[in-house]
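Colleague: I should be grateful for a close look at a single part of this model, namely one strand and its pairing partners. Please describe how that part is connected to its surroundings.

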Amino acid sequence: AKKAGRAEQRVFYDAMNAAAKDGLVIDGALRGAIEANEFHLVYQAITNAHTGKLTKVEALLRWHSSLLGPVPPDRFIPVAEDSGMIIELGTWVLEQACRQMGAWKQGTLDDVTISINVSAWQLADPGFVKLVSQALIRNDLAPHQLELELTERVLIEDAANVQAVLGQLRALGVGISLDDFGTGYSSLSYLTQFHLNTLKIDRAFVMDIEHSERSNNLVHAIIAMGHSLGLQLVAEGVETAGQAAILEKMGCHYLQGYHISRPIPPAELLRFADQRISM
Ligand code: C2E
Ligand code: CA
Ligand code: CA
Ligand code: CA
């Protein structure tokens, strides 16, 4: 009976998810979802390409809606951005991730940085820098233990204001990472104009690095450029040992992807860290 129940639930979720295509159903289900405790974070390891040591951890948001079942972030983040709810949600992520890091810090993850994804709306919010500094203080974290991941879209939305906010965050000591680099709007002027310290090479290029000369050349060029600008480089979506080896040889500093670890719950991440921290 339990099995049938689960199958029925699946059919129900599928139907609801189909109906949710227009975003309206998602929008409705998002309201009250924080209070109902429907969100949690999973954490994905980012390791030193050379030593394998755990260096950073990216927090990734998960939503299990009581109405829709599990909804992937690619589906609900854009809806939350449209409604402005991303500010409240992003604030929750910031606090939750900092609290987790504060707890980990008592153990083996003292030297590890926590990375969180930040939307344009959040940066545009006048209280954002204060929110970040308060989350750090409240959870007894040093600013360099936090890194904010932004996409290029964030940078162009309101360039002058974003530049000022990023300047304040960097002055505070918080790291700024440019996510999904190489997709979309890529403009080299961003790299010098904004106060960045890390570039994340998009999975789309890493994916083909073993078989496509074009992707291989492109990644090589991004890494060379990053080096010359004094930026740290993270390769995203590393799924094979072959990709990891090529990236390490090209001088990419850090690796992230299923080959290293999937995004996992906090307890599992701690076990991963125990293996990797001493390397
Ligand atoms: P992202 O920031 O580029 O995050 C990386 C995505 O790639 C994650 O998907 C991760 O699970 C996936 N990934 C990591 N390694 C591999 C791999 O080796 N192979 C493949 N195929 N995928 C890999 P996820 O968790 O579904 O998140 C999707 C996007 O949703 C994120 O892309 C980010 O843009 C957004 N997102 C997630 N959490 C948050 C959040 O807290 N706030 C905001 N604003 N956006 C978030
Ligand atoms: Ca990211
Ligand atoms: Ca990314
Ligand atoms: Ca992405």
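Modeller: In this predicted model, strands β2 and β3 (residues 69–71) run antiparallel and are joined by 3 bridges. The two form a hairpin, with 3 residues between them. Within this pairing, H64 has P70 of β3 as its bridge partner.

Strand β2 also pairs with β1 (residues 39–48), again in the antiparallel sense, and here there are 9 bridges. One of the facing positions is T47, which stands opposite L54 in β2. The hairpin of β1 and β2 has 5 residues between the strands, and in that hairpin G52 adopts a positive phi near 80°.

With strand β4 (residues 113–117), by contrast, β2 runs parallel, and 3 bridges join the two. In this pairing E58 stands opposite S115 of β4.

The surroundings of β2 are reflected in its accessibility. Strand β2 spans residues 54–65, and 9 of its 12 residues are buried, that is, under 20% relative accessible area. The strand is therefore largely enclosed by the rest of the structure.

To summarise the pairing, β2 runs antiparallel to β1, antiparallel to β3 and parallel to β4. Its bridges number 9 with β1, 3 with β3 and 3 with β4.

How values were computed:
Residues numbered from 1 in each chain as written. Chains lettered and ligands numbered in written order. Predicted model: local features only at pLDDT ≥ 70, side-chain atom pairs only at ≥ 80, totals over all residues. Heavy atoms only, no water. Buried < 20%, exposed > 50% of the residue type's maximum accessible area, 1.4 Å probe, protein only. Helix = DSSP H or I, 4+ residues; strand = E, 2+ residues; numbered from the N terminus. Pairing = 2+ DSSP bridges.
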